[in-house]
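Student: I should like to learn how to read a protein model. May we work through one together, feature by feature?

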Amino acid sequence: EFRRVLFRSVTVTVFPKLNNDSCGTSCGVSCNSCSGCDSNCGFTEAEGEQMDNLYFKLEEIGFKNSPDCRMDFVNTSDIDYSIERLNMVLVTSGKSTVTHYTYGEYMNENAPIIALNSKIISEKRIPTKDELSKAFESFP
């Protein structure tokens with residue numbers, strides 16, 4: 001019996017949590033503008049490990065489910081690009097868009113955000129490997 005296999009093109013987009021800005025109010029969303037900080041800027045080590053594990057899981061599951069899988073890990077330090085990509089994902093997912101004024105608050109409340117072909121599959125937490133596998137399998 002001949003079985004036809006359809007290959008799906010999938011783009012996985014990940015918006016990580018914004019850096020924990022421990023430098024104070026003058027540093028902005030990204031720590032690139034920090035100078036003279038007396039404490040470290042950025043993710044805690046545990047958060048960094050969780051995000052690394054998420055990236056590995058997504059690549060493993062993504063390429064297993066689709067030979068044409070692309071990963072887009074959004075660099076949130078590029079604010080304009082990040083807002084543009086996030087708004088595309090929000091519109092595709094039937095949600096309201098963000099502005100430069102609402103971006104930081106939205107990301108702090110909802111990141112990490114994971115989308116498949118610009119449709120949000122997970123917000124606010126890192127899904128388990130099983131949850132990610134099910135999301136890929138049920139994705140049209």
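Tutor: The turns below go from the whole chain to single residues. Please keep in mind that this is a predicted model.

Student: Which elements make up the secondary structure of the chain, and in what order do they run?

Tutor: One begins by listing helices and strands. Here the chain has 4 helices and 4 strands, and from the N terminus on they run β-α-β-α-α-β-β-α.

Student: Since the model is predicted, what is the mean pLDDT of the chain?

Tutor: pLDDT is the predictor's confidence in each residue, from 0 to 100. The mean for the chain is 79, and 74% of its residues reach 70 or more. Among the elements, helix α1 (residues 45–65) has the lowest mean, 84, whereas α2 has the highest, 95.

Student: Where does pLDDT stay under 50?

Tutor: One such stretch is residues 20–30, for which the model has 26 contacts beyond four places in sequence. Over residues 33–40 the pLDDT is also below 50, and this stretch has 12 contacts in the model beyond near neighbours in sequence.

Student: How is burial read, first for the chain and then for a helix?

Tutor: A residue counts as buried when its relative accessible area is under 20%, and as exposed when it is over 50%. Of the 140 residues of the chain, 40% count as buried. In helix α3 (residues 103–110), the buried residues are Y103, G104, Y106, M107 and N110.

Student: Why do the buried residues of α3 line one face of the helix?

Tutor: The general idea concerns the helical turn. An α-helix has 3.6 residues a turn, so residues three or four places apart point the same way. In this case, the buried residues of α3 fall within an arc of 165 degrees when seen down the helix axis, so they line one face. The face turned away from that buried side carries the exposed residues E105 and N108.

Student: What covers the buried residues of α3?

Tutor: The cover includes β1 (9–15), α2 (79–92) and β3 (113–116). M107 is a good residue to follow: leaving aside residues up to four places away in sequence, M107 touches F15, P16, L18, T76, L86 and I113.

Student: Which residues have the most contacts inside the largest nonpolar core?

Tutor: To read a core, one looks for buried nonpolar residues joined through their side chains. The largest one has 15 residues, and those with the most contacts inside it are F15, L86, V98, Y103, M107 and I113. The elements α2, α3 and β3 each give two or more residues to this core, and α2 gives the most, with 4 residues. Apart from it lies another core, of 14 residues, among them V12, M51, I114 and F139.

Student: Is N87, which lies in helix α2, buried or exposed?

Tutor: N87 counts as buried because its relative accessibility is 16%. Not counting residues up to four places away in sequence, N87 touches T97 and V98.

Student: How does one read a pair of strands?

Tutor: One looks for bridges and for the direction of the strands. Here β3 and strand β4 (residues 119–122) run antiparallel and are joined by 3 bridges. One pairing to find is that of I114 with its bridge partner in β4, S122. The hairpin of these strands has 2 residues between them.

Student: Which backbone angles deserve attention in the loop between β3 and β4?

Tutor: One looks for positive phi in residues other than glycine. N117 has such a value, near 45 degrees, and is partly exposed, with a relative accessible area of 32%. S118, found in that loop as well, has a positive phi of about 70 degrees, but S118 counts as buried because its relative accessibility is 11%.

Student: Where is the cis peptide bond?

Tutor: One reads omega for this. The bond from A111 to P112 is cis, with omega near 0 degrees, and P112 is found in the loop between α3 and β3.

Student: How can residues far along the chain be brought together?

Tutor: One compares separation in sequence with distance in space. D68, found in strand β2 (residues 68–73), and V10 are 58 residues apart along the chain, yet their C-alpha atoms are separated by 6.4 Å. The side chains of D68 and S9 are joined by a polar contact of 3.0 Å. For the chain, among contacts between residues at least 6 apart in sequence, 58% join residues at least 24 apart.

Conventions
Residues are numbered from 1 along each chain as its sequence is written. This is a predicted model: local features need pLDDT of at least 70, side-chain atom pairs count only at pLDDT 80 or more; totals for chains, interfaces and linings use all residues. Side-chain values use heavy atoms; hydrogens and water are left out. Buried means under 20% relative accessible area, exposed over 50%, partly exposed in between (1.4 Å probe, protein chains only). The arc is that of the directions from the helix axis to the C-beta atoms. Contact means heavy atoms within 4.5 Å. Two strands pair if DSSP finds at least two bridges between them. A polar contact is a pair of N or O atoms within 3.5 Å; within protein, one must be able to donate a hydrogen and the other to accept it, and residues adjacent in sequence count only if both atoms are side-chain atoms. A nonpolar core is a set of buried Ala, Val, Leu, Ile, Met, Phe, Trp, Tyr and Cys residues joined through side-chain atoms within 4.5 Å.
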